[in-house]
Amino acid sequence: MTLPMIPSPNGATRVFATIGDPVVQVQAPHLMNEVFAKDGSNAVMVPFQISAEAVGGLIEALKSVGNFAGLLATIPHKFEVLRHADSVSAIAEAAGCANALRREQDGRWSAENFDGLGF
């Protein structure tokens with residue numbers, strides 16, 4: 001029997017998502033949940049398979065959740081992420097897309113593109 005990688009979520013758990021279509025190949029939830037566990041962070045990342053037609057509604061709904069902290073996006077949703085950001089980094093603006101949307105401490109949402117850095 002293996003121990004759970006993350007503790008059972010509670011009302012203070014910061015929730016992150018990875019969105020894509022498809023999303024089955026995405027490694028971010030596994031990797032980030034390991035980081036959260038090692039850090040002792042009360043956080044979890046969950047993958048969401050979501051169509052391009054529905055993703056805008058999902059992002060807006062998640063932004064209204066008080067303990068939702070941000071998301072990572074893969075194809076085809078990187079372009080949609082920019083539409084839901086209050087601020088966009090210079091890199092994301094130049095690329096015309098973002099793969100991360102994060103809630104800032106003031107409640108505003110910022111978009112970033114890490115593709116170039118990751119490459």
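Which residues does Val 81 touch, not counting residues up to four places away in sequence? In this predicted model, the contacts of Val 81 are Ile 59, Leu 71, Ala 73, Ala 98, Ala 100, Leu 101 and Ala 111. Val 81 also belongs to the largest nonpolar core, a set of 17 residues, where Ile 19, Ile 59, Leu 71, Val 81 and Leu 101 touch the most other members. Two or more residues of this core come from each of β1, α2 (55-63), β3 and β6, with α2 giving the most, four residues. A second core, separate from this one, holds six residues, among them Phe 16, Ala 28, Ala 43 and Ala 69. As a helpful piece of background, nonpolar side chains in soluble globular proteins tend to be buried together.

Turning to the pockets, the largest has a volume of about 280 Å³. Its lining consists of 16 residues, and Phe 16, Leu 72, Ala 100, Arg 102 and Phe 114 are the closest to the pocket centre. At least two lining residues are supplied by each of β1 (14-20), α1 (28-39), β3 (68-73), β5 (100-103) and β6 (109-112); β3 gives the most, with four. By residue class, the lining comprises eleven nonpolar, two polar and three charged residues.

The second largest pocket has a volume of about 160 Å³. Lining this pocket are Thr 18, Val 26, Ala 28, Leu 72, Ala 73, Thr 74, Lys 78, Asn 99, Phe 114 and Asp 115, which divide into five nonpolar, three polar and two charged residues. Leu 72 and Phe 114 thus appear in the linings of both pockets, while Ala 73 in the second lining is also a contact of Val 81.

How values were computed. Residues numbered from 1 in each chain as written. Predicted model: local features only at pLDDT ≥ 70, side-chain atom pairs only at ≥ 80, totals over all residues. Heavy atoms only, no water. 1 Å grid on protein atoms, 1.4 Å probe; cavity = no way out; pocket = protein on both sides within 12 Å on 5 of 7 lines; lining within 4 Å. Points joined across faces, edges and corners; volume = space filled by probe spheres on them. Nonpolar A, V, L, I, M, F, W, Y, C, P; charged D, E, K, R; others polar. Core = buried A, V, L, I, M, F, W, Y, C linked by side-chain atoms within 4.5 Å. Buried < 20%, exposed > 50% of the residue type's maximum accessible area, 1.4 Å probe, protein only. Contact = heavy atoms within 4.5 Å.
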